[in-house]
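Biologist: Could you take a close look at one part of this model for me and then tell me how the rest of the chain is laid out around it? I would enjoy a connected account.

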Amino acid sequence: MVTIYTTNSCSSCKKAVNWFKEHNIEFIEKNMFTTPITSKDIKKMLENTENGFEDIISTRSKIIMENKIDVESMRFSELENFIISNPSVLKRPIIVDDRNFQAGYDDDEITAFKPRELRKIINCDNCGKDDENCEYTEILKESLVLKKKF
């Protein structure tokens with residue numbers, strides 16, 4: 001299941017949520033200011049990053065800049081506790097599932113969250129049309145919806 005970590009005033013967060021809705025992909029939205037970030041959330045975010053904390057923390061955040069915090073010198077547990085106490089230091093949105101990670105909104109990268117079966121059909125050259133106009137896409141979407149029901 002896809003989890004999108006958002007905040008209310010984030011336009012990129014809204015774009016991401018709308019993209020998932022438009023593509024009928026189930027997701028859980030967690031507002032990081034109204035639902036406290038947990039250690040489990042942080043570990044989930046880090047699972048598929050390439051650079052660990054560097055990929056999820058915005059070093060330009062107000063709290064880091066004003067307090068001159070050196071996140072690179074902090075241990076894992078210190079960083080984890082710092083994020084839990086200061087969720088505003090996280091990049092937004094953060095989108096994760098079992099295989100993928102994305103910080104921020106990117107039109108191209110977000111397609112990695114489409115179900116594998118759907119990407120397979122869309123990326124094969126069955127009809128030469130883009131995914132929004134492809135008859136195979138609609139057939140696959142219907143079959144995926146049916147699978148979820150049973």
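**A close look at S58**

Modeller: Gladly! With a relative accessibility of 18%, S58 counts as buried, because the cut-off for that class is under 20%. Please keep in mind that this is a predicted model. As for its place in the chain, S58 sits in the loop that links helix 3 (53-56) to helix 4 (62-67). Leaving aside residues up to four places away in sequence, S58 touches I64, V89 and K91.

Now let us step back to the whole chain. Seven helices and four strands make up its elements. Read from the N terminus, these elements follow the order β-α-β-α-α-α-α-β-β-α-α. The chain has 150 residues, and 38% of them count as buried. Its accessible surface amounts to about 9500 Å², with 46% of that belonging to carbon and sulfur atoms. Contacts across the sequence are worth a glance too: taking those between residues at least 6 apart, 59% join residues at least 24 apart.

The start of the chain makes a good next stop. Strand 1 (residues 2-6) and strand 2 (residues 27-31) run parallel, and five bridges join them. To get from strand 1 to strand 2, the chain passes through helix 1 (residues 11-22), and this β-α-β crossover is right-handed. If you would like one pairing to find on screen, pick Y5, whose bridge partner in strand 2 is K30. As a general point, side chains in a regular strand alternate between the two faces of the sheet.

Finally, the aromatic rings. The count of aromatic pairs comes to four. One of them is formed by F20 and F27, with 5.8 Å from centre to centre and 50° between the planes, so the pair is classed as tilted, the class for angles that are neither under 30 degrees nor over 60. The two partners fall into separate burial classes: F20 has a relative accessible area of 0% and is therefore buried, whereas F27, at 21% relative accessibility, counts as partly exposed. The F20 and F27 rings also belong to a wider group, since ring pairs link W19, F20, F27 and F113 into a cluster.

Key
Residues are numbered from 1 along each chain as its sequence is written. This is a predicted model: local features need pLDDT of at least 70, side-chain atom pairs count only at pLDDT 80 or more; totals for chains, interfaces and linings use all residues. Side-chain values use heavy atoms; hydrogens and water are left out. Helices (H or I, at least four residues) and strands (E, at least two) are DSSP runs, numbered from the N terminus. Buried means under 20% relative accessible area, exposed over 50%, partly exposed in between (1.4 Å probe, protein chains only). Contact means heavy atoms within 4.5 Å. Accessible areas come from the Shrake-Rupley method with a 1.4 Å probe; for residues, only the protein chains shown count as cover. Two strands pair if DSSP finds at least two bridges between them. A crossover is right-handed if, with the strands pointing away from the viewer, the path from the first strand over the helix to the second runs clockwise. Rings of Phe, Tyr and Trp (its six-membered ring) pair if their centres lie within 6.5 Å; planes under 30 degrees apart count as stacked, over 60 as edge-to-face and the rest as tilted.
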